[in-house]
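Here is a friendly walk through one protein model, meant to be read with the structure open beside it. Please follow along residue by residue.

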Amino acid sequence: MSESPETFLRGIRKEDHKTHKMKVKADAFMPDDRKKLPGRADGYLESSINWEDDNQAKSRILKDFQHGYVRVETTVLMDILKLPNFPENFFSYERDPLQNNIYHGNLLFSNNLDKDEQKSICSLIALNSSLVLTS
């Protein structure tokens, strides 16, 4: 993993990914099962993020997500990588710029993790995130 910005953003796709207390649920970070087949050659499942390199990253995410977005410090990901009770290479992250989005990246979940393990990781990220509303 190359050096990453201090924070990343994740768009909220569904209103029910927020709680009545205006917190974000773990489901907001779950990897996209649709990408399982044919999937990545390295066996990871993806959950898209935008690296917050500058203020334009926020502008970019506001175009696509009407339910708001969350901001998470990259140190949260580094702490998850140190967890002792998961197999090697269970989680990672990357910068993966797209032609129309230079800020794009992914949270990467091993396809060997079951849904409960995925959700545990996503819960840690959600607990350490800050919800930003668009309206």
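## A look inside the model

Leu-107 is buried, with a relative accessible area of 0%; here buried means under 20% relative accessible area, exposed over 50%, and partly exposed in between, using a 1.4 Å probe and protein chains only. This residue sits in strand 5. Leu-107 and Leu-45 are 62 residues apart along the chain, and their C-alpha atoms are separated by 8.1 Å. Helices (H or I, at least four residues) and strands (E, at least two) are DSSP runs, numbered from the N terminus.

A word on the source: this is a predicted model, in which local features need pLDDT of at least 70 and side-chain atom pairs count only at pLDDT 80 or more, while totals for chains, interfaces and linings use all residues. Residues are numbered from 1 along each chain as its sequence is written, and side-chain values use heavy atoms, with hydrogens and water left out.

### Three loop residues

The table puts three loop residues side by side.

| Residue | Loop | Relative accessibility | Class |
|---|---|---|---|
| Ile-12 | between strand 1 and strand 2 | 0% | buried |
| Lys-14 | between strand 1 and strand 2 | 49% | partly exposed |
| Asn-101 | between strand 4 (91-95) and strand 5 (104-110) | 8% | buried |

Two of these come with a distance to a residue elsewhere in the sequence. Ile-12 and Gln-56 are 44 residues apart in sequence and 18 Å apart in space, C-alpha to C-alpha. For Lys-14 and Ala-28, 14 residues apart along the chain, the C-alpha separation is 7.9 Å.

As for Asn-101, a polar atom of its side chain lies 3.0 Å from the backbone nitrogen of Tyr-103. A polar contact is a pair of N or O atoms within 3.5 Å; within protein, one must be able to donate a hydrogen and the other to accept it, and residues adjacent in sequence count only if both atoms are side-chain atoms.

### The second largest pocket

Asn-101 also turns up in the second largest pocket: 15 residues line this pocket, and Asn-50, Asp-64, Phe-65, Asn-101 and His-104 lie nearest its centre. Strand 1 (7-11), strand 2 (44-51) and helix 1 (55-64) are the elements that give two or more residues to the lining. The volume of the second largest pocket is about 190 Å³. On a 1 Å grid over the protein atoms alone, a pocket is an open set of points where a 1.4 Å probe fits, with protein on both sides within 12 Å along at least five of seven lines, and lining residues have an atom within 4 Å of a point. By class, the lining has 5 nonpolar, 6 polar and 4 charged residues.

### Two helices, each with a buried side

In helix 1, Ala-57, Arg-60 and Ile-61 are the buried residues. Seen down the axis of helix 1, they fall within an arc of 95°, so they line one face; the arc is that of the directions from the helix axis to the C-beta atoms. Exposed Asn-55 and Lys-63 are on the face of helix 1 turned away from that buried side.

What is buried in helix 3? The buried residues there are Gln-118, Ile-121, Cys-122, Ile-125 and Ala-126. They cover an arc of only 140° around the axis, which puts them on the same side of helix 3. Asp-116 and Leu-127, on the other side of helix 3, are exposed. At the N-terminal end, Asp-114 caps helix 3, with a side-chain oxygen 3.1 Å from the backbone nitrogen of Asp-116.

Conventions:
Grid points are joined across faces, edges and corners, and a volume is the space filled by probe spheres set on the points. Ala, Val, Leu, Ile, Met, Phe, Trp, Tyr, Cys and Pro count as nonpolar, Asp, Glu, Lys and Arg as charged, and the others, Gly among them, as polar.
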